[in-house]
Structures are given as structure tokens and as C-alpha cells.
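Reader: I would like to go through the charged pairs and the cysteines of this model. Please give the reason for each label as we go.

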Amino acid sequence: MFNAEKVKNDCVQWIRDFFEENGKGCNAVVGISGGKDSSIVAALCVEALGKDRVIGVLMPNGEQADIDMAKLLVGHLGIKHYIINIKDAVDGLKKNIPFELSEQSVVNLPPRIRMSTLYAVSQSHNGRVANTCNLSEDWVGYSTRYGDSVGDFSPCSHLTVQEMKQIGRLLGLPDVLVDKVPIDGLSGKTDEDNLGFTYAELDRYIREGVITDMEKKARIDYLHRINQFKLKLMPSFKPKEI
């Protein structure tokens, strides 16, 4: 049985301990997308550090259809926030690359520019950047390497989507944020449409090893296998003798 209250309290203490050891008095800097993960991570940081030490960064790429959800979150938590539109940076870089980018490069460019933006804010505000990934996404590689997959501390990377939702409710977040269907922001499709299975199916497979659809099992196993390199430290060569 998942004890959401205990896990939430332990996570809050873990955040406090991290900042005590790795940045006493520093601020938590959180990229706010308007989805449940960034909302929950921001709320955990507020409970751990107080709202005066949490900075939200909203980073639309031109127009963002659901930016009102991100504004709802920072208003609900009462945290300082910045809105930084990354469209000029994305378009400027694409314009100056002397060849046609692959489709996947185009998809991954905005998340990587967002992470650069977060670190610019963080270094200017005595901050530490929060990673907002969850276990379900990490399991199948649904993140951008050196984009939303990185950060200085990661409160929720060992929690599934279903577990995150329970913690979000304990934190008193509005239901519209906790239950918001994640959309990739590019094709208009949901994450689950793109993945080919639901997070509920994935989470049960992760925690219980149970899945009835063998095609979905094969796809999850494949995505998990090819994603392993994202979850490890960068390999480095170590000479035997110097």
C-alpha cells in the first residue's frame, strides 16, 4: 500500500536536507508548465522551504494554450514568478543552423532552451533547479535529455503518476491541476496517445508487474530498454595508468 502522507512528508524533509547540504539559504527554481508534475514539485518546495524561497518560471514558446493553468498554480501557491517567452531563442537558433533539422531535433530544441533559461534564472537568483520528472515518464524515456530530464535535485523521479496524484491532493492543489491530461504541446496529442498506453497501465506494470495487453507490454519493455542511457551518469574514460 502506498502511504501518500508519509511519502509526502519524507519528500519535504528530503528537500530541506538537500538545501541544507547543497545550498543553505538558496531558492528552488521550478519550470512551471501548468501540468501536474511541475505543480506538485513546486508545492513540495513551498512546504519544505516556504513560498519566499520558491521561484516559478513560465516559458511559453510563442502562444501557449494552457498557460492559464501555470498562472493558476503560481497564484495558488503565492510564489514569485517570471514569464519568459522562448520563441525568439528557438526561432533564432533554427534560423542560424545551416541545415534542415531532423523532426526530433525540432521537438527537443524548446525543452533544452527552457533548461538553459532555468539555469540562467537560477544563477541570477541564488538558486537550485528542480527536476520535475516522475518515474513513469523516466521508465519509458518520455523526456528530453539535457532538457526536462535534468536539474539539481529531483523530488519525484521515484514516484509514479498515480502516486504523484495522491500527493498532489494532499498538498491541496486544485483538482484541475492534479487531473490535467498531459499534452505534448506540439501535436495536440496527449502523452498517452503518443506512448500507446495509459499511465495507469504503465504504473501497474511498474509496481505490480501486471499487464494484460502483450503488445503494450512489449512496447513498454522496448522503450524502457532503449532509455537506460538517459538514466545513467555520462560514461567517462579512466586511464589505467597516468
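Author: We can start with one charged pair: R169 forms a salt bridge with D175, their closest N and O atoms being 3.5 Å apart. This is a predicted model, where local features need pLDDT of at least 70, side-chain atom pairs count only at pLDDT 80 or more, and totals for chains, interfaces and linings use all residues. Residues are numbered from 1 along each chain as its sequence is written, and side-chain values use heavy atoms, with hydrogens and water left out.

Reader: Why is the contact of R169 with D175 called a salt bridge?

Author: The term requires a side-chain nitrogen of Lys or Arg within 4 Å of a carboxyl oxygen of Asp or Glu. The closest N and O atoms of R169 and D175 are 3.5 Å apart, so the pair qualifies.

Reader: What makes R169 partly exposed?

Author: Its relative accessibility is 42%. Buried means under 20% relative accessible area, exposed means over 50%, and partly exposed lies in between (1.4 Å probe, protein chains only). R169 therefore counts as partly exposed.

Reader: How many salt bridges are found in the whole structure?

Author: The search finds 11. One of them joins K87 and D91, with the closest N and O atoms 2.9 Å apart.

Reader: Why are K87 and D91 separated by about one helical turn?

Author: Because they are four residues apart in helix α4, residues 87-96. Helices are DSSP runs (H or I, at least four residues), numbered from the N terminus. K87, at 38% relative accessibility, is partly exposed, and so is D91, at 31%.

Reader: Which residue forms a salt bridge with K217?

Author: D221 does, and the closest N and O atoms are 2.8 Å apart. K217 and D221 are four residues apart in helix α11 (residues 214-226), which means a separation of about one helical turn. K217 is partly exposed at 27%, as is D221 at 26%. Elsewhere, salt bridges that share partners join R169, D175 and D179 into one network.

Reader: How do you know that C26 is in no disulfide?

Author: A disulfide is a pair of cysteine sulfur atoms within 2.5 Å. The cysteine sulfur nearest to C26, that of C45, is 13 Å away, so C26 does not qualify. C156 is in no disulfide either, since the nearest cysteine sulfur, that of C11, is 5.1 Å away. By this rule the count of disulfides is zero.

Reader: Are C26 and C156 buried or exposed?

Author: C26 is buried, at 4% relative accessibility. C156 is buried as well, at 0%.

Key. Helix = DSSP H or I, 4+ residues; strand = E, 2+ residues; numbered from the N terminus.
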